[in-house]
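Here is a short report on one protein chain. Keep the sequence and the 3D view open as you read.

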Amino acid sequence: MTTYAGPALVMRPALPDDLDEITRIEVGPETTPYIGVTGREYHLAARADADQEHLVGVVGTTVTGFILLAGLRDGGGRIELRRIVLAHEFRGRGHGRAMVRAAVAHAHERYDARSVWLDVKPDNHRALALYTSEGFRPDGTIPDPQEPAEVLLLMTRPRDDRAARTESED
């Protein structure tokens, strides 16, 4: 995996020893309402599924957040950023942006994704602003599985073939 060094942050594949920190990070009033099912069993199942991969953001030796990718084998070239969580104490420093950039680059480089997509609750304004600024565009809605009367916004970021061509021509 190509690592992305952002503001003192490096992304790497999650290790089994990271699971406790991953489950700690995703619990909290600023996170839980946006992600649905949480907990160790959820992440153990994701780790056992060859169609998913956890990436963690690390500053020094501290896990600061994680992203769960899905659709790696069965996504038809469309990789999902299924879960994006940054520890509260690292918010507002550019780490979330660095994590998203690294995960998108990883999806294209490792899995040859033609696009990366995610879903987001319409009232998650901070996340919407980040995703939009990183090139994700609205792509419809789906029912919210946690609240069936509500919807989730789908957002897609296609591969920038112009950038890929330029890099390969250099």
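R110 is exposed, with a relative accessible area of 52%. The model shown here is a predicted one. E53 is the salt-bridge partner of R110, and the closest N and O atoms of the two side chains are 3.5 Å apart. E53 itself is buried, at a relative accessible area of 11%. The two residues sit in distant parts of the chain: R110 belongs to helix α4, E53 belongs to strand β2, and 57 residues separate them.

**Salt bridges**

Side chains of opposite charge can pair when their charged atoms come close. How many salt bridges does the structure hold? The count is twelve. Three of these pairs are set out below.

| Pair | N to O distance | Separation in the chain |
|---|---|---|
| R110 and E53 | 3.5 Å | 57 residues |
| E89 and R24 | 3.3 Å | 65 residues |
| R97 and E134 | 2.5 Å | 37 residues |

Take E89 and R24. Their side chains meet in a salt bridge. E89 lies in the loop between β4 and α4, while R24 lies in helix α1, residues 19-25. E89 is partly exposed, because its relative accessible area is 39%. R24 also counts as partly exposed, because its relative accessibility is 40%. The pair is part of something wider: E21, R24 and E89 are linked in a network of salt bridges.

Now take R97 and E134. They too form a salt bridge. R97 is in helix α4, and E134 is in the loop between α5 and β6, which spans 137-143. Are these residues buried or exposed, or in between? R97 counts as partly exposed, because its relative accessibility is 29%. E134 counts as buried, because its relative accessibility is 10%.

**A buried charge without a salt bridge**

Where does D51 lie? It is in the loop between α3 (40-48) and β2 (52-59). D51 is buried, yet it has no salt bridge. R73 is the nearest side chain of opposite charge, and it is 5.3 Å away. Why does that not count? A salt bridge needs the nitrogen and oxygen within 4 Å, so R73 at 5.3 Å falls outside the limit.

The backbone of R73 tells another story. Its nitrogen lies 2.6 Å from a polar atom of the D51 side chain. Leaving aside neighbours within four places in sequence, D51 is in contact with L69, A70, G71, L72, R73 and D74.

**The next residue, Q52**

Q52 is found in strand β2. It counts as buried, because its relative accessibility is 15%. The side chain of Q52 makes a polar contact of 2.9 Å with the side chain of D49. Beyond neighbours within four places in sequence, Q52 is in contact with A46, L68, L69, A70, L72 and R82.

**The largest pocket**

About how much space lies in the largest pocket? The value is about 1,000 Å³. The pocket is lined by 37 residues. Closest to its centre are Y34, I84, N124, A127 and Y131.

Which elements each supply at least two residues of the lining? They are α2 (32-35), β4 (78-86), α4 (95-111), β5 (115-120) and α5 (125-133). The largest share comes from β4, with seven residues.

Notes:
Residues are numbered from 1 along each chain as its sequence is written. This is a predicted model: local features need pLDDT of at least 70, side-chain atom pairs count only at pLDDT 80 or more; totals for chains, interfaces and linings use all residues. Side-chain values use heavy atoms; hydrogens and water are left out. Helices (H or I, at least four residues) and strands (E, at least two) are DSSP runs, numbered from the N terminus. Buried means under 20% relative accessible area, exposed over 50%, partly exposed in between (1.4 Å probe, protein chains only). Lys and Arg count as positive and Asp and Glu as negative; His and the chain ends are not counted. A polar contact is a pair of N or O atoms within 3.5 Å; within protein, one must be able to donate a hydrogen and the other to accept it, and residues adjacent in sequence count only if both atoms are side-chain atoms. Contact means heavy atoms within 4.5 Å. On a 1 Å grid over the protein atoms alone, a cavity is a set of points where a 1.4 Å probe fits but cannot get out, and a pocket is an open set with protein on both sides within 12 Å along at least five of seven lines; lining residues have an atom within 4 Å of a point. Grid points are joined across faces, edges and corners, and a volume is the space filled by probe spheres set on the points.
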